[in-house]
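Q: I would like to learn how to read the features of a structure with several chains. Can we go through one together?

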Amino acid sequence: MMVNLDIAKSPLNGLEVGGLDKAVLIQEVPFTPGFDLRVTPGTPAFAAANTAVGLSLSETVGRVVRNNADCIVDGSSPAAGGVSALALGPDWWYLTGTADIQALLAPVADTHHISLVDVSSQRTKIEVYGPSAKDVLSHYWEQDLREAHFPIDSCSQGLLAKAPVILWHCCADCFIIFPRSSFAKHLWTALSDAAIEYL
Amino acid sequence: MLHIPCPYCGPRDETEFHYGAEAHIAYPENPQSLDDAQWAKFVFIKANPKGWLAERWVHSAGCRRWFNVWRNTITHEFGPSYKPFTQQPKSPV
Amino acid sequence: MTSMTRRRSKVLPEHPDFLWANNITPKKAYDVIIIGAGGHGLATAYYLAKNHGITNVAILEKSWLAGGNMGRNTTIIRSNYLWDESAGIYDHSLKLWENLEEEVGYEMYFSQRGVMTLAHSVSDVRSKQRNFYANYVNDVDSVWLTPTEIKEIAPIVNISEDIRYPVMGATYQARGGIAKHDWVAWGYAKAAADMGVDIIQGCEVTGFNIVDGKVQGVKTNMGDIAAGKVGMVAAGHSSVLANMAGFDVPLQSRPLQALVSELLEQVLDTVIMSGAVHVYVSQAHKGELVMGAGTDSYNSYAQRGGFHVIEHQLAAACELFPIFERAHMLRTWGGIVDISPDASPIIGLTPVENLFINSGWGTGGFKATPGSGWVMAATIANGEPDKLAAPYALDRFVSGHLIDEHGAAGVAH
Amino acid sequence: MSNANFTFDGKKYTGVSGESLASALLRNGVVHFTNSSYKDRPRGLMGLWVEEPNALVNIDSGPGEPMKASTTIELVDGLVVRSSQGVGDLPDTRDNSRYDKVNRHVDVLVVGAGTAGLTAAKKFAALGKDVIVMDDQPGPGGHARHLGTEISAELLAVLDLANVTYLPRTTVQGLYDQGYLVATERRTDHLDAKVHTEVSRIRTWHIRADHTVLATGAFQRHLVFANNDRPGIMLSHSAATYVTRGANPFKTAVVVTIDNQGYRDALRLHEAGVTVAAVIDIRDAASGPAIAAVNSAGIRVITGKTALDSAASDSGQVCCLTIAKADGTQSETIDADLVAISGGWTPIVHLATFIGIKPTWDPALAAFVVKRDDKLTSTAGMLAGDFGDDNEAAVFFGPQLTAEQAEVAFVDYQRDATVRDFNRAIGAGMRSIEHVKRYTSIGTAHDQGKTSGTTTMGLIGQALGKAPDEIGSLTFRPPYISIPFAALAGRDRGLLSDPIRTTPIHAWHEKAGAPMEDVGQWKRPWFFPKNSENMHAAVLRECAAVREDVGVMDASTLGKIDLQGKDVGEFLDLIYTNMFSTLKVGMSRYGLMCGVDGMVFDDGVTTRISENHWLMTTTTGGAAKVLDWLEEWLQTEWTDLEVFCTSVTEQISTVAIVGPKSRELMSRLAPDLDVSNEAFAFMENKYADVAGVPARIARISFSGELAYEINVPGSFGLHIWEKVMSQGADLNITPYGTESMHVLRAEKGFVIVGQETDGTQTPQDLDMDWIVSKKKEDFIGKRSFARVDTSREGRHQLVGILPDDGSFVIPEGAYLVAGSDEKTPPPVAHIGYVTSSYASAALGRSFALALVANGLARKGEKIAVPMAGRVVTGIITDSVFVDKENARRDG
């Protein structure tokens with residue numbers, strides 16, 4: 001659904017702290033489309049979903065498969081028509097990107113046992129970028145951020161400052177957080193507080 | 001802070017999980033056919049051994065999957081974790 | 001800041017004689033064997049001798065006397081529980097506390113400094129108020145405090161409306177308080193031993209001798225010991241014992257942690273509990289802050305828990321009591337608490353004749369020590385549940401007549 | 001080296017920046033630091049680091065901190081301290097310092113930057129591992145720093161390697177399961193005596209290490225003899241270290257030793273210009289380089305003897321030492337203003353024992369050691385028993401003492417616990433080390449028995465003729481050293497104490513000045529006061545507006561779960577007590593769910609969006625619990641059911657417009673929507689464009705009034721709310737909060753899970769038997785209804801209560817007694833309690849809901865509410881007070 005920005009509000013109104021010239025930049029990227037896809041690997045539905053999205057969805061939890069650049073650390077917009085698929089569970093993917101994901105998968109949903117749910121408002125998107133990005137996250141993120149264990153295009157769900165989030169290591173020095181919208185303000189308070197030492 | 005081996009996500013901190021107590025307690029085929037004592041056993045009795053226990057956890061802040069794992073209740077050492085309805089590995093003892 | 005001065009240098013009780021005899025080799029047979037020399041086990045033996053004249057009794061302790069939860073708890077004493085059955089047994093216990101030092105002739109530092117239970121939300125206030133009114137109809141002393149009244153009794157409480165979970169009110173039981181746990185155990189042990197009870201430490205029960213569904217005695221690492229009746233009072237190890245005797249109990253053993261600060265000048269002269277933010281605290285006689293939190297979520301016999309539980313508790317404590325910011329955590333420790341489905345104890349007969357059980361006190365056992373021993377002794381002596389114990393029979397889980405104190409137990413303790 | 005001015009007990013001194021406060025005081029000739037906490041005896045400095053049992057201070061400068069060992073305080077200019085007598089005081093001011101926490105996973109964590117630790121770090125670094133070296137001292141070197149032997153630059157170079165991180169001033173406080181460690185890093189106290197708000201003063205590290213090397217080193221022990229606590233009686237390696245660094249108020253020393261360390265320290269004292277009158281060695285014969293060196297230095301050595309008693313000068317400082325054989329037979333007295341004790345080494349086993357590793361007693365070293373090398377943990381250096389060469393020792397803790405001597409022979413200085421105390425403990429029948437500790441309180445003070453632990457076991461052993469390890473095992477509890485509460489609270493303070501959850505409309509509620517109610521982590525508007533209205537007035541106004549005009553409420557916090565798959569209907573039939581598979585597409589139905597115990601645990605409205613697509617709503621507090629519940633059954637029991645669950649709580653923002661004028665308002669908001677009863681029936685769902693946003697509108701009512709719930713994507717929630725407010729202005733549109741919502745539903749007899757229920761009510765108890773399907777073979781909880789207690793007569797059942805005095809609102813939670821209205825003093829037999837109670841605008845009086853024993857059969861009976869000082873009376877009624885015939889919901 002096309003968003004009429006005049007009447008829509010994102011949880012953080014595009015807040016940002018730090019900067020590209022600083023050790024860390026933290027910014028909300030409002031109105032990022034997101035979909036929860038549920039489908040069981042090894043079924044015809046799974047094959048159909050792969051074909052429809054034009055990706056082979058990772059069956060390994062924690063891996064991201066994508067056909068576009070999704071972080072906009074340099075301020076430019078991602079390529080049109082792209083999809084990134086984050087494997088959140090054995091039968092669960094988070095799809096985001098500029099493609100019309102609903103349209104791509106609607107036909108599959110009509111004929112197969114899949115569940116595609118628009119969660120664009122369920123979560124917002126926060127980018128944490130810069131040489132100190134990992135340091136800022138380590139204030140609240142208990143999971144292993146060692147490059148060998150969480151390389152680029154890894155993703156994980158967990159608790160960040162006690163708030164449930166999806167964390168995605170999308171490129172060098174850049175992490176994307178998809179927090180639940182109701183926790184966004186809390187998370188922002190926590191992240192900007194942690195950033196103080198690095199700014 | 002236990003480090004619990006989720007069979008889907010790998011080891012994660014305890015704070016991401018909820019505990020499900022003893023594993024392999026199936027919902028009765030026909031509850032109405034049980035007498036009160038049998039029903040009470042299903043509802044309230046969970047193994048509480050001193051030593052190895054096959055127990056359930058759900059990775060609620062992660063992949064949200066329920067799974068089973070052997071754990072030693074004296075040492076907190078974990079044995080193999082495994083998915084529901086898969087062959088239960090032998091107790092590590 | 002309160003002006004109450006700390007009891008500084010208290011001379012330890014002199015003991016020309018043993019508190020209890022040592023290195024006892026068990027007799028071949030006893031009228032009654034109590035398994036577990038924790039507070040409840042010692043009290044059971046004491047009341048068996050005192051109330052029922054049964055003195056041919058042995059207490060078998062696999063480790064050292066009162067080394068389990070009795071020596072690890074935060075010593076809170078209160079009786080302001082929700083249900084009538086609870087009011088019955090806990091208030092009976094509190095009445096016994098009120099004369100206990102005199103009765104057993106041993107200093108216990110029993111101090112009725114009051115117990116305050118804070119409410120932090122509209123629904124929290126509602127359930128605490130229900131508790132308050134339940135106490136009223138059961139004649140258990142309880143008052144409702146507004147934030148201002150809370151501040152008068154405990155000036156260090158932060159009653160600002162700006163904190164994450166503001167203090168909106170509290171129940172207060174003036175008769176509640178604390179005691180010195182070790183001395184309570186030693187007092188019971190001494191009094192029981194004086195009446196002829198054998199306290200046998202390092203004696204681990206490894207099985208039961210059961211003939212035709214009737215217990216004949218126990219197997220131990222010191223050999224078989226015959227007994228007319230056996231009482232299991234083993235807290236966290238109740239499940240293990242019950243399984244040895246061939247039956248199940250609906251208990252889960254969980255870690256419960258506590259911590260203590262260094263000695264501090266007196267800042268708190270009552271006991272404060274908060275279920276919503278999971279912290280409870282008192283300042284002991286020497287001056288250390290004694291604090292506890294909730295249980296860990298998983299079964300364990302390791303007597304240790306997760307550090308995040310401690311951190312959460314201290315964060316909550318600093319919000320509620322800003323003056324604690326500079327206090328130091330000196331030591332943490334863990335116990336094994338036996339949690340029942342309704343957060344109430346299991347007391348009475350078992351499927352095995354002449355084998356009795358007293359367990360499931362979970363996080364609240366210390367306060368019940370005298371009452372628990374009292375009703376357990378009566379139950380063993382008469383072979384039928386004492387009237388205060390009757391509602392806590394094992395079969396309530398079959399009938400469904402639970403005594404659900406989760407609300408009232410709130411935060412663990 | 002720059003100077004630093006500091007104040008101790010009101011007196012000004014100057015020391016060297018960076019040296020320890022203890023050292024600076026010695027440098028200034030201060031030997032008597034404080035008095036003991038219970039017996040008020042003069043006490044001086046004993047140790048070198050965290051083992052110090054005597055020299056505690058309260059810091060008044062900077063952030064301030066009570067009960068710090070002066071040996072661990074790095075001197076900074078402007079430091080102000082007071083000596084502590086073992087009791088801290090808490091200033092009634094806030095500590096505004098920043099405290100934070102970080103998490104780190106690492107290949108290898110090395111605890112201790114001494115020779116052993118650095119050697120281990122080097123080994124693992126060479127294997128390409130990422131290594132973190134943590135050490136609680138300001139610099140590397142561990143004991144070498146103290147013992148005067150320097151660590152080779154070549155070994156120190158390991159700290160500069162790219163894959164090695166070195167964290168000084170970082171104390172590993174706890175070792176836990178699966179390689180989890182907690183450490184605290186002191187980041188600012190050594191810089192200045194100021195409060196730091198941007199850089200954390202103390203950082204708590206949460207480490208998960210694949211492997212941990214414990215190279216924690218050892219403490220020196222004292223010996224137990226009469227008056228062994230006087231100022232000037234110190235551990236030998238600490239005395240030698242201080243004087244070697246120029247902090248030397250001493251002239252003549254006697255060294256009392258059980259091992260060769262005493263000789264090394266005697267030499268250092270000698271070289272630093274202290275006259276060493278004698279080295280007293282309990283051993284009859286001993287050999288080794290250190291001993292040879294002492295002899296060649298011409299220092300007198302007395303063997304087969306030890307310290308028995310000491311005397312003090314007027315200042316309280318030791319002036320002479322009486323020595324004797326182990327059996328206490330006295331020999332001679334030697335003058336000295338420093339008695340340096342080398343009672344053997346106690347390896348720092350704390351971290352190992354935290355995870356249940358039992359140290360073993362090594363008689364040759366007279367020490368408990370831990371030898372460990374497994375996947376998770378290994379030990380090295382003195383902890384592992386590697387004391388280096390020239391370290392013979394005797395197993396000896398102190399001489400035979402008379403009763404009088406025992407009175408003043410201190411085992412635990414801070415607790416003032418003496419040999420007499422534990423003689424009494426043993427006399428009282430204590431045998432276990434744990435009993436003796438508890439009886440004497442040895443080891444429970446600020447130093448947690450770091451120096452007294454082994455000594456205690458040794459002495460009990462001596463008393464009972466056993467080896468120390470026969471007494472029990474040396475165990476400690478975390479933390480290694482004490483930690484300020486604020487440091488462990490970290491940033492989880494104030495707003496960050498616990499996450500605050502808000503809806504997209506929250507900002508509007510705040511601007512409107514609505515006080516918030518905490519519902520779980522959510523902030524929900526409680527009521528919307530106009531001018532200076534109190535809650536009572538506001539709620540009466542809000543409720544009246546809803547019943548007469550139209551109100552609006554933010555229902556976005558309700559839990560919402562999207563369910564898809566062909567088996568959802570069958571699944572819901574198992575989850576809910578009532579039937580759902582028969583629900584028609586486009587319709588909604590209220591449902592109740594129970595636990596397996598048959599007790600109500602959540603409720604809500606579920607809508608059939610399409611044949612295989614459903615949307616469930618839950619209570620605000622129950623959302624997460626219910627989703628877990630659904631997935632548990634799907635994943636662990638009914639895996640053959642084709643159902644996928646997805647949480648959409650924040651995806652959908654729900655604005656409910658409620659009241660007779662809601663139809664008019666709805667038609668204004670969605671002109672294309674036919675809002676007539678015929679076209680849009682109760683419990684029906686329609687899709688329409690609402691103020692430019694595609695919305696699902698549901699005719700659901702939690703008040704009994706005509707109502708429409710407008711559901712839109714969260715991003716548009718605020719927009720819809722604002723449109724509702726502007727379009728409804730002339731209809732007296734009235735925003736209302738949780739309180740009015742509660743009143744309105746109670747007037748209608750609707751229950752709130754968690755208010756009418758406490759986990760012990762069946763649907764029947766709530767007078768909701770109508771919602772329990774008789775057709776379904778099974779659903780969760782059904783079997784439990786048939787149990788003896790759940791099926792018995794006389795259970796507490798939901799009824800209404802009308803107080804005789806309609807102006808009096810019975811307190812919620814109040815208990816009820818049957819019939820009689822005269823005062824009955826407690827204890828009284830009660831028949832139930834009030835769950836909800838309000839003043840009602842619609843009824844023009846107060847009313848309540850209650851759970852009453854056999855209540856449904858008691859309607860019309862009198863009840864009384866006993867309360868301190870008064871009794872209120874009333875009558876039992878039906879639980880529905882407004883619109884019994886459900887006429888209002890259609891407008």
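Q: Over which residues of chain C does pLDDT stay under 50?
A: This is a predicted model, and pLDDT is the predictor's confidence in each residue. In chain C the pLDDT stays under 50 over residues 1-12, for which the model has 33 contacts beyond four places in sequence. A second stretch below 50 is residues 409-413 of chain C, with 23 contacts in the model beyond near neighbours in sequence.

Q: What is the mean pLDDT of chain C?
A: The mean for chain C is 92, and 94% of its residues reach 70 or more.

Q: Which chains have the most contacts between them?
A: Contact here means heavy atoms within 4.5 Å. Of the 5 pairs of chains that touch, chains C and D have the most contacts. On the side of chain D, 93 residues take part, and they meet 74 residues of chain C. Chain A and chain C, on the other hand, have no contact, and their closest C-alpha atoms are 11 Å apart.

Q: How much area is buried between chain D and chain C?
A: The size of an interface is often given as the accessible area lost when the parts come together. For chain D and chain C that area is about 7,700 Å², with 56% of it from carbon and sulfur atoms. Within chain D, the residues that lose the most area to chain C are D:Leu90, D:Arg438 and D:Phe485, which together make up 12% of what that side buries.

Q: How many salt bridges does the rule find across the interface of chain D and chain C?
A: The rule asks for a side-chain nitrogen of Lys or Arg within 4 Å of a carboxyl oxygen of Asp or Glu. It finds 9 between chain D and chain C. C:Glu325 and D:Arg94 form a salt bridge through their side chains, at 3.1 Å from N to O. The interface also has 37 residue pairs in polar contact, both residues at pLDDT 80 or more. Sorted by class, the side of chain D that touches chain C holds 38 nonpolar, 30 polar and 25 charged residues.

Q: Which strands of chain C and chain D pair?
A: Strand 16 of chain C (residues 328-339) pairs with strand 29 of chain D (residues 483-484), antiparallel, over 2 bridges. Opposite D:Pro484 in strand 29 of chain D stands C:His328.

Q: How much area do chain A and chain B bury between them?
A: The figure is about 920 Å², 53% of it on carbon and sulfur atoms. A:Pro90, A:Glu142 and A:Leu159 supply 43% of the area that chain A buries against chain B. There is 1 salt bridge across this interface, and A:Asp91 and B:Arg65 meet in a salt bridge at 3.3 Å, N to O. The count of residue pairs in polar contact is 7, both at pLDDT 80 or more. Strand 9 of chain A gives the most to the side that touches chain B, with 4 residues.

Q: Where is the backbone unusual?
A: Most residues other than glycine have a negative phi, and most peptide bonds are trans. A:Asp153, which is not a glycine, has a positive phi of about 70°; its place is the loop between helix 3 (133-138) and strand 9 of chain A. The peptide bond from D:Pro478 to D:Pro479 is cis, and D:Pro479 is in the loop between helix 13 (468-471) and strand 29 of chain D. Another cis peptide bond joins D:Pro826 and D:Pro827.

Notes:
Residues are numbered from 1 along each chain as its sequence is written. Chains are lettered from A and ligands numbered from 1 in the order in which they are written. Side-chain values use heavy atoms; hydrogens and water are left out. Buried area is the accessible area (1.4 Å probe) that two parts lose on being put together, summed over both. A polar contact is a pair of N or O atoms within 3.5 Å; within protein, one must be able to donate a hydrogen and the other to accept it, and residues adjacent in sequence count only if both atoms are side-chain atoms. Ala, Val, Leu, Ile, Met, Phe, Trp, Tyr, Cys and Pro count as nonpolar, Asp, Glu, Lys and Arg as charged, and the others, Gly among them, as polar. Two strands pair if DSSP finds at least two bridges between them. pLDDT is the predictor's confidence in each residue, from 0 to 100.
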